[in-house]
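Colleague: Could you walk me through a few features of this one? I'd like to learn how to read them for myself.

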Amino acid sequence: MFDTPADEGASGGSFLQQLPAILWQRRWFVVLPAVVGIVVAIGAAILIPPSYRSNAIMLVESPQLPKEVIGLDAGNMIDRRIAAIRQQITARPDLIQLIERHGLYASQRKSTPLSEILDEMRSAITLTPAETSPGGGSENRTIAFELAFEYSQPEQTQAVAQDLMDRVLQLDARGNAEQAANTVQFLTDQSAGLEAQISSLQSQIADITARNGNVLAGGGMIVGGSGGSYDVQIAALQRDNQLLIQQRNLAQTSDQRDPIVSGAEQRLAAARAVYAETHPDVILAKQALAEAKRLAKDTSEKLPIQTLDEQIAFNNSQIAALRGAKANETAQLSSRLAAQAKAPLVQQQLGELQQRLAAVNTQYEQVQNQLMGARAGVRAEDEQMSERLSVVEPPVIPDQPSWPNRLLIGAIGVFGGLGAGIVLALAIELFLRPIRDPAALNALLGAPPLGIIPVIEVKNIRRDRWRRFLPSRSQR
């Protein structure tokens, strides 16, 4: 009579059929872990200190005025506002004040650092969304919040939750008012800054326009000046002056070119060639020459020489005027050419300034609209017509602890112990792998057994008591 390990090829169906027998034979491996699990669960349910939870439900009331009037965006602001409120109510000074007011964590304060107690209290305070709109819209996405506090004493739990709720409502009301006032102040400062920018841009545009008026007013084509006509007129006047000067010179020397004077000079020269200076013929010739010169001089003095000088002076003044007009026109033409070359740069500069002015004007209009909405929001906040939190369910004294859940702990202990025992029994069975039926022996040896002899257990023998915990042996 001996035990032989089963082959790896034993069928799983046979194992499942023998599972009840296996568990019954190894029942102590199942019962003992189950008992230990029950004992541990009972001890945990008794020894774990109870924790009570008191909560309040706060509703986000919709504003009584349209959003377009008061300029609010509740869907995007409520979450950030609640997060800021949670940071404030869990701040170190507020928590210390609550601990001292209600005598919280009295035993722990004797041996535990205050920072750890504050961290524990922060984890005991929760402010979470309690209800959301099914559509998930931005305006009504979150409509309610739950404020809760957990502690070991129900009365202190409710008192702390009540103080936290009052603090949340106070911070929400004050935060709305401060936010509305700060928004108005910010938009007012922004509006003033935009007005200064608009005034500066307008001044720059006016200054550039004033300094470059001829550039902006001039057309694209520049017609050539009349410099050629000035030159023609000046040349004609100069020719007239040359003729007048010649006439004046002829008039001034007309007495020397008179034919009577020339004949008298010839007769005098002929007389001197024949006679001496004292000869009567020479003397008469001299007198005749002097008389001819006197008559020629009287004749030349009657010519209009002054008129010729006046005409020459007038022509010179006309020439100077024409040259001045030509120089002025040339300067204007040069200025127009320079202005035409400068025009694209000036127009580009003006275009950029006008674009900036248009953008600033658009931004200014938006800020003015926002400022009107913010001022309406301040008034709505003063009259309590804006969005705010209201209490739907105030905190009450809890009558049952929220932790531990003794039923859950008991179920975990019982089923956990049973599961551990079953796993242990199956693990031992798989490790030993005993032969429990002829099919396993046939699979192992390749031949069926000739007969089966049951195991005869001898009771009341001390040395065989340990065999009750071992599998039965097959005899062949």
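Colleague: Which residues form a nonpolar patch on the surface?

Modeller: First, the ground rules. This is a predicted model, where local features need pLDDT of at least 70, side-chain atom pairs count only at pLDDT 80 or more, and totals for chains, interfaces and linings use all residues. Residues are numbered from 1 along each chain as its sequence is written, and side-chain values use heavy atoms, with hydrogens and water left out.

Patches are built from residues with over 30% relative accessible area and no salt bridge (a side-chain nitrogen of Lys or Arg within 4 Å of a carboxyl oxygen of Asp or Glu); like charges are joined within 9 Å, and nonpolar side chains (Val, Leu, Ile, Met, Phe, Trp, Tyr) within 5 Å. Here the nonpolar patch is formed by Trp 28, Val 31, Leu 32, Val 35 and Val 39, with about 460 Å² of accessible area together (Shrake-Rupley method, 1.4 Å probe, only the protein chains shown counting as cover). Val 31 belongs to helix H3, residues 27-47 (helices are DSSP runs of H or I, at least four residues, and strands are E runs of at least two, numbered from the N terminus).

Colleague: Why is Val 31 called partly exposed?

Modeller: Buried means under 20% relative accessible area, exposed over 50%, and partly exposed in between (1.4 Å probe, protein chains only). Val 31 has 36%, so partly exposed is its class.

Colleague: And which residues are buried in helix H7?

Modeller: An α-helix has 3.6 residues a turn, so residues three or four places apart point the same way. In H7 (residues 114-124), the buried ones are Ile 117, Leu 118, Met 121 and Ala 124. Because their arc around the axis is only 115°, they sit on the same side of H7 (the arc is taken from the directions from the helix axis to the C-beta atoms).

Colleague: How many aromatic pairs are there?

Modeller: Rings of Phe, Tyr and Trp (its six-membered ring) pair if their centres lie within 6.5 Å; planes under 30 degrees apart are stacked, over 60 edge-to-face, the rest tilted. That rule gives two aromatic pairs. Tyr 105 and Tyr 151 have ring centres 5.1 Å apart and planes at 80°, so they are edge-to-face. Tyr 105 is in the loop between helix H6 (92-102) and H7, and Tyr 151 in strand E3, so the pair ties together parts 46 residues apart in sequence. Phe 149 and Tyr 151, with centres 6.2 Å apart and planes at 20°, are therefore stacked. Tyr 105, Phe 149 and Tyr 151 make one aromatic cluster.
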